[in-house]
Amino acid sequence: MARLKLEGLKKTYAGDVQAVKGIDLDVADGEFVVLVGPSGCGKSTLLRMVAGLESITEGELTIGERKVNDLEPAQRDIAMVFQNYALYPHMTVYDNLAYGLKNRGFKRDEIERRVREAARMLEIEEFLPRKPRQLSGGQRQRVAMGRALVREPEVFLFDEPLSNLDAKLRVQMRVEIKQLQRRLKTTSLYVTHDQLEAMTLGDRLVVLNGGRIEQVGTPMEIYARPASIFVATFIGSPAMNLIPVAYLKERGNGLLDDLPPDTDLVGIRPDDLRIQPPDAPHLVVESTLELFEAAGAESHLYVRLAGSDQPSVIRTAGQSPVAEGETLRFHVVREALHPFNSASGKRTV
Amino acid sequence: MQTKRMTFPGRWLPYALLAPQVIVTLIFFIWPAGQALYQSLLREDAFGLSSTFVGLDNFRRLLGDPLYLNSLSVTTVFAVGTTALSMGVALLLAVTVNRLLRSRNLYTTLLVWPYAIAPAIAGVLWWFIFHPTIGILPYVLEMLGYRWNHRTSSVDAMILVIFAAAWKQIAYNFLFFLAGLQSIPQSLIEAAAIDGAGPVKRFWSIVFPLLAPTTFFLMVVNVVYAMFDTFGVIHATTQGGPAQATNILVYKVYADGFVGMNLGSSAAQSVILMIIVIALTVVQFRFIERRVNY
Amino acid sequence: MVEHRPLGNALTHLILILGVALVLFPVYVAIVASTQGPGEFLRGTLPLLPGGHALDNYRLMWESGLSRSSAPPAGQMLWNSLIMALAITIGKLTISLLSAFAIVYFRFPFRLFFFWLIFITLMLPVEVRIIPTFRVVADLGMLNSFAGLSIPLIASATATFLFRQFFMTVPEEMLEAARVDGAGPFKFFKDILLPLSITNIAALFVIMFIYGWNQYLWPLLITTDPDYYTIVMGIQSMTADEGNTPWHLVMAAVVMAALPPVLVILCMQRLFVKGLTETEK
């Protein structure tokens, strides 16, 4: 097990396209870090640079004590789980798991022991003699995990490993990956575009946008104090509402006077828009209910603010108090406001 | 042209991997082709002792030579005849086989194997069938009042070689037509049926136009086949006769150069043939590109 | 399926049976002829039913061949054909796999140049450059040898393109996973790429075996020693003696010459169709 250190990593493709624009990141021994961001943000490229599948244009990559920039993937002591699993279709599950060990010159009985052990852990023992095409999506996923496991590497790399599974299986595998990582305590770097997956899996999250880090932190830190408008709207579902400060001030809400002067936008999470007036001092906003969406345990109210085109979402438990098309009044306490500057995109406090 | 997103490092390895193919290509393809090009500009004296540069004179002579012009027109008749006959028969068979479900594979098996027969063997088979004294077809034709003799009649000889060449090629065309037919969505045919088109109308207004890419592709391939792969048919049967009636271009190159030892002229003929192949290949690839873009 | 009328179905089968008959007829005639005794042909037209001399004719051709022509026994010519066909097939497959591997899995200077160089061979069939090619082979001392029969024919643009095409469809992750698993170029080629290509290799094998077996002009040019005659070109020398051809024996040789490639097609029909339709695209 090892610490993973990225210092000023950059990737420039032919034609001066910068995919990764300087990433510094320190992953502690045994930590589970998730790289999350929209497609094209450079998260996969970054992971592949760590794996050695993409060359590093600039910067330094250290695994354990070794600088590994110029090492072959096989020499970096990493293992990777691919998005489409990349199982060798002509080999049995056993051979798929054993291939990397064979190439490294392990003894037959050691290979056997490790493969059995990984198969037992992942409950795929009965599939060992089968070919990948005879397995279901979830089973293939486990085999792909097993291939990484048998290697007992310093670092696990996951490239969107759950994105090809159906919703139910995805939740199940998510839990299993988390438990497995807790048990093995192997340093892990995990790429996903799914913010829920990122929140639930990671010890820490790295939110990437346009080849740069927007914010690093624990899931709750990032949820509670998003550092930028991008992070605010990317993490959390439904996405955070953004309302211009000017609009709120027009409506005579004196509560906003203590915001930093460069704040022109406030973010409010859908669950912080309350229909019942709270005891604490709060803002009151009038809106028109456009659509009511019942999603079981919770409901979403899509509204449009009065005297403005601004749409917003309210998350609440239970039924809608008014009919669609009618006026809805909602309330926000001061603590629920996330102040931003729209020009810089950054949080102001 | 693409490679994989990720490639292997290695400075010499790729060249080593390419070496066998490239060496064979250079020695046995590029060098001889260059030689042909070079030779076509020279003329050797009668004893082959010295040669002089004559520019395009070999080509000028060739295009003024009635025998060569005859060979050109013979090749045209032969290529068009072979292409039309084998494609026509193959299309008919493919359309009929495509109507069937259960027996489709059986018929396909029975129809595809002549692909395996060498052109020369096909030639010998039809030569035998058409043999004026012991062949079966001349016997039947004689009862119908026609005296068949491909040794003296140039028409008979041409028919013989066309039959032999086309017969072997039916299997190939059949398979491509069948694949083309099977790629036409059944819903189109059903839509046409609902629009009130009968089977014949459906074929000519829906199926045939949709087969056009396959048909065009096969036309090019068949012309190439008839022009270059049928040397065996001619050599094993008529040997270009009677009276040059089946002396197609590839046979003439061989006969003039190898038997007649007229190197300059033979080289010039080679060059002309190369130009024809290149033209046909370009046409074929243009067309494939267009098809890919659909 | 849109409606099928019984009359239409009858017509369908009628057309197909006629078609099959047309296709089979020449070979039927050949088989019948190969079972006749020497006297049958003197009476004029060939009988349409098999005679009783099959065994004699085939054994005679297999063991001693036609004494009057220069051709050796058919058994030996078949053997020569087999060696030539296999050498051409295996040679083509090997060098095409290697070149396609280099072109797809490596980046190196002049890659495009080499690609086009291989491509050009498509445009230079042996028929159009007979004499200079013959000279090269003669200068290299490869006349009357199996090397001369096969090596000049093993360059293959079609096979290289097919493998290139196929390699491009192999998922990128296959290479990446293999590299993470510690496989270098040779291991990847042997352990992953070759096993994945096996259907394509088999399909091309069928097509190329037939191509190799059916070579005619090339062996005609470079073999003067009957020890190297192949069956397809050897038959031609048997019919050279016009008017006096022992057709029953020639037809026995024809059947023997056609049988191996036909069997290959019939046994591997699916691979054959795949190989044929994919190489031409």
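Colleague: In this predicted model, is A:Lys185 buried or exposed?
Modeller: Around A:Lys185, 12 other C-beta atoms lie within 10 Å. A residue is called exposed if that count is 12 or fewer. A:Lys185 is therefore exposed.

Colleague: Where in chain A does A:Lys185 lie, and what is its phi?
Modeller: A:Lys185 is in the loop between helix 5 (167-184) and strand 8 (187-192) of chain A. The residue is not a glycine, yet its phi is positive. The value is near 55 degrees.

Colleague: Is B:Ala243 buried or exposed, and where is its place in chain B?
Modeller: B:Ala243 has 11 C-beta neighbours inside 10 Å, so it counts as exposed. Its phi is positive, about 50 degrees, although B:Ala243 is not a glycine. Its place is the loop between helix 11 (231-236) and helix 12 (249-259) of chain B.

Colleague: Which loop of chain A holds A:Pro238?
Modeller: The peptide bond from A:Ser237 to A:Pro238 is cis, with omega near -10 degrees. A:Pro238 is found in the loop between helix 8 (229-234) and strand 11 (241-244).

Colleague: Which helix gives the largest share of the largest nonpolar core?
Modeller: This core has 265 residues, and B:Ile121, B:Phe174, C:Ala253 and C:Val254 touch the most other members. The largest share is 17 residues, and it comes from helix 7 (residues 154-182) of chain B.

Colleague: Why does this core lie between two domains of chain A?
Modeller: Residues of the core come from both domains, so it lies between them. The two are domain 1 (4-234) and domain 2 (241-340).

Note on methods
Residues are numbered from 1 along each chain as its sequence is written. Chains are lettered from A and ligands numbered from 1 in the order in which they are written. This is a predicted model: local features need pLDDT of at least 70, side-chain atom pairs count only at pLDDT 80 or more; totals for chains, interfaces and linings use all residues. A nonpolar core is a set of buried Ala, Val, Leu, Ile, Met, Phe, Trp, Tyr and Cys residues joined through C-beta atoms within 7 Å. A residue is buried if 20 or more other C-beta atoms lie within 10 Å of its own, exposed if 12 or fewer, and partly exposed in between; C-beta atoms are placed from the backbone. Helices (H or I, at least four residues) and strands (E, at least two) are DSSP runs, numbered from the N terminus. Domain bounds come from an automatic or database domain assignment.
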